[in-house]
Amino acid sequence: VRQLGRPVQVWIMNADGSGQEPVSPPESSAIVPQWTREGDALLYRLVPGQQIERLRLADRTRKRWKANVDASGMTRATGRGTEAIFHEVEQGRVRLGFVDLATGQRRLIPTPKHNIAFGFLSPRGDQIAAESFEDGFTHAVTLPRNGGTPKQLTRGVEHAFLSDWSPDSRQIVFAGMRQGSWNLYTLDVNTGAERKLSDFRSLRTFVRYPAWSPANDWIVYERTETTGNIYLLDLTTR
C-alpha cells in the first residue's frame, strides 16, 4: 500500500477484500512481499538497508536478515524462506545471484548472457524465470537454478514482465505488451505456448504483478488506469 507521506507498507486481507490490515513495520518501507511455501509467513524487503524480514502470522513474531547485496539491485525472498534471489550491476553486466539469509553468503549464477534480471524461483526450486533485455524490449527466459544457457521463450518488439510460477512449475504468468495493450498471459515453459487471460484494449490501462494461487484456482493482479490525456508515440517502432 502506497500512501502519500507514509512509508510503503505490506498489508494482508481476506480473499474477498475484507479484514484489511497493515503488517509491516510502520517506520520502514516494505516492498516485494512473498509468501513462504507453507503459507504461514510473509517475507518482504525493508528499505533502505536491504534487510529481509519474515513475519509469522500466527504469533506475529519477526525475524530479520541482512541481504548483503548492492542496494541498487532487486532483492526478493524465495518461498523457501531461507534465501533471496537478487540481481545487480557489476562492471556494466547485470547478474543474477542467491544470498543465504542465515550466513549472508552470496552466490552469483553463471550465465553467458549479461542482461538477465528480475529472477523468480520455481516452486520446485530447480528453475529460475527471469527477464532478458534486448534492443529495448523485455523477454521471458528460464534457466537452471545453478546457472547455464538461458532458454528464451518470447521474442519480437514486445514486453513480458514476469511475476509468478504456476504451482506445478510448468507455467509462468506475466504482464505482456502485445499490439499496443497490456494483458495477462501464461507461458508454457516447455513449449513456449502463450495463453491470453485478459482482454484489455485501452491504451490508458495496464496490468502488473500477477500472482498465482497455490490452490491453482485464482490469479490476483494489479490493474491501473491512467486519467491523463497526453501520450507519447514512439515513431521508431511504427
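# A tour of strands, cores and a pocket

Begin with β3 and β4, which form a hairpin with five residues between them; in its turn, Gly39 has a positive phi of about 80°. Strands here are DSSP runs of E with at least two residues, numbered from the N terminus, and two strands pair if DSSP finds at least two bridges between them. The model is predicted, so that local features need pLDDT of at least 70 and side-chain atom pairs count only at pLDDT 80 or more, while totals for chains, interfaces and linings use all residues. Residues are numbered from 1 along each chain as its sequence is written, and side-chain values use heavy atoms, with hydrogens and water left out.

**Stop 1: strand β4 and its two partners**

Select residues 29-35 for β3 and residues 41-47 for β4. These two strands run antiparallel and are joined by five bridges. Within this pairing, Ile31 stands opposite Arg45 of β4. Strand β4 is mostly covered, with six of its seven residues buried; buried means under 20% relative accessible area, exposed over 50% and partly exposed in between, with a 1.4 Å probe and protein chains only.

Next, add residues 51-56, which make up β5. Six bridges join β5 to β4, again in the antiparallel sense, and Tyr44 faces Glu53 of β5 as its opposite residue. Three residues separate the strands of this hairpin, and Gly49 in the turn has a positive phi of about 115°.

**Stop 2: the hairpin of β7 and β8**

Move to residues 74-77 (β7) and 83-90 (β8), an antiparallel pair with four bridges. Ala77 lies opposite Ala84 of β8. Five residues connect the two strands, and among them Gly81 takes a positive phi near 80°.

**Stop 3: β15, β16 and β17**

Select residues 159-165, 171-178 and 181-188, which are β15, β16 and β17. β15 and β16 pair in the antiparallel sense over six bridges, and β16 and β17 are joined by eight, also antiparallel. The β15–β16 hairpin has five residues between its strands, with Ser169 at a positive phi near 65°. The β16–β17 hairpin has two, and Gln179 in its turn has a positive phi of about 55°. Close to that turn in sequence, Met177 has Trp182 of β17 as its bridge partner. Strand β16 is mostly covered: seven of its eight residues are buried.

Now centre the view on Val173, which is found in β16. Why does Val173 count as buried? Its relative accessibility is 0%, and therefore it falls in the buried class. Asp164 stands opposite Val173. The C-alpha atom of Thr186, 13 residues away along the chain, is separated from that of Val173 by 4.4 Å. Leaving aside neighbours within four places in sequence, Val173 is in contact (heavy atoms within 4.5 Å) with residues including Leu162, Tyr185, Pro210, Trp212 and Ile219.

**Stop 4: the nonpolar cores**

A nonpolar core is a set of buried Ala, Val, Leu, Ile, Met, Phe, Trp, Tyr and Cys residues joined through side-chain atoms within 4.5 Å. The largest one has 12 residues: Phe120, Ala129, Ala140, Leu153, Ala160, Leu162, Trp165, Ile172, Phe174, Tyr185, Leu187 and Val189. β15, β16 and β17 each supply at least two residues of this core. Which of the strands gives the most to this core? It is β15, with three residues.

Select Tyr185 within this core. Beyond its neighbours within four places in sequence, Tyr185 contacts Ile172, Val173, Phe174, Gly176, Arg178, Glu194, Arg195, Lys196 and Leu197. A second, separate core of 10 residues includes Leu96, Ile128, Val141 and Leu143.

**Stop 5: the second largest pocket**

To find this pocket, display Met177, Gly180, Leu203, Leu232 and Thr237, the residues nearest its centre among the 22 that line it. β16, β17 and β19 (205-212) are the elements that give two or more residues to the lining.

**Stop 6: Gly147**

Finish at Gly147, in the loop between β13 (137-144) and β14 (151-152). Gly147 counts as buried because its relative accessibility is 16%. Not counting residues up to four places away in sequence, Gly147 touches Ile109 and Pro110. Arg106, 41 residues apart from Gly147 in sequence, is 14 Å apart from it in space, C-alpha to C-alpha.

Conventions
On a 1 Å grid over the protein atoms alone, a cavity is a set of points where a 1.4 Å probe fits but cannot get out, and a pocket is an open set with protein on both sides within 12 Å along at least five of seven lines; lining residues have an atom within 4 Å of a point.
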